[in-house]
Amino acid sequence: MPAPEREMIQAVVFDLDGVLIQTEELWDEVRAGMARAAGGRYGEEEQRAMMGMSSPEWSRYMHEHVGLPESPDEIAAEVVRRMSARYGEQLPLIDGAIEAVGRLSARWPLGVASSSNRELIDLVLELSGLDRHFRATVSSEEVARGKPAPDVYLEACRRLGVEPARAAAVEDSHAGIRSAKAAGMCVLAIPNPTYPPDDEALANADVVLNSLSDLTPEAVEIP
């Protein structure tokens, strides 16, 4: 008996960090610098644990686990301040980001579902000129749980007015892939070369692409 045909895609939702901007290393650098200045612990375990966490989650983690003495709100505000300053100096757009977003926005309404803070999402889209392409943007600080929970993707689909089964997500990380899959979306993975998703998460992707240059309307329609 043939498998049931997948619902036709009606919208596409992008992750931000690691998909459109190469910032996972920058997040790591900023948070590690703060941790080491305070005498806290910061290594691969801490970095991986925070990937996908919302701002309230990772700032609390840095206070309770990494050992920063400031309150979670103070930690989050300082990280955002440092990240904003770095973006203002040079926005680390990934090669092909402008073109990929343009190709897909000509076909579908687009959204962003990001673990970045609202302030940083808006700044990135403004500085890059990509803001005109996105109809809905959601920060995981605006929902109950960060990735790998599905909340941020479910909210993005709600704001776009589409059922998750009729939407595609573009992701790079283990937490992000799991988040979009848990939301019931079609998942296109472009593995982050620095912090690649684990094999189990990657197996959940419907399509795996090498780079943004491969992200075409035809690739979205493959599943």
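1. Helices here are DSSP runs of H or I with at least four residues, numbered from the N terminus. In this predicted model, helix α1 is followed by G39, a residue whose phi is positive, near 75 degrees.

2. Helix α1 covers residues 24-37, and because 14 residues at 1.5 Å a residue should span 20 Å, the separation of 20 Å between its end C-alpha atoms agrees with that expectation.

3. Much of the interest in this helix concerns its surroundings. E24, L26, W27, D28, V30, R31, A32, M34 and A35 of α1 are buried, and what covers the buried residues of the helix includes α2 (44-50), α3 (55-66), α4 (72-89) and α6 (118-128).

4. The structure holds two cavities of 30 Å³ or more, and the largest cavity has a volume of about 200 Å³. Its lining consists of 18 residues, of which D17, E24, M51, G52 and S115 are the closest to the centre. Two or more residues of this lining come from each of α1 and α8 (174-182), with α1 giving the most, namely three residues. By character, the lining of the largest cavity divides into six nonpolar, six polar and six charged residues.

5. The second largest cavity holds about 30 Å³ of space and is lined by E24, W27, D28, R31, Y42, Q47 and M51. Here too α1 supplies the largest share of the lining, with four residues, while the lining as a whole divides into three nonpolar residues, one polar and three charged.

6. A last point links the two cavities: E24 and M51 are named among the residues closest to the centre of the largest cavity, and E24 and M51 also line the second largest cavity.

Methods
Residues numbered from 1 in each chain as written. Predicted model: local features only at pLDDT ≥ 70, side-chain atom pairs only at ≥ 80, totals over all residues. Heavy atoms only, no water. Expected span 1.5 Å × (residues − 1). Buried < 20%, exposed > 50% of the residue type's maximum accessible area, 1.4 Å probe, protein only. Contact = heavy atoms within 4.5 Å. 1 Å grid on protein atoms, 1.4 Å probe; cavity = no way out; pocket = protein on both sides within 12 Å on 5 of 7 lines; lining within 4 Å. Points joined across faces, edges and corners; volume = space filled by probe spheres on them. Nonpolar A, V, L, I, M, F, W, Y, C, P; charged D, E, K, R; others polar.
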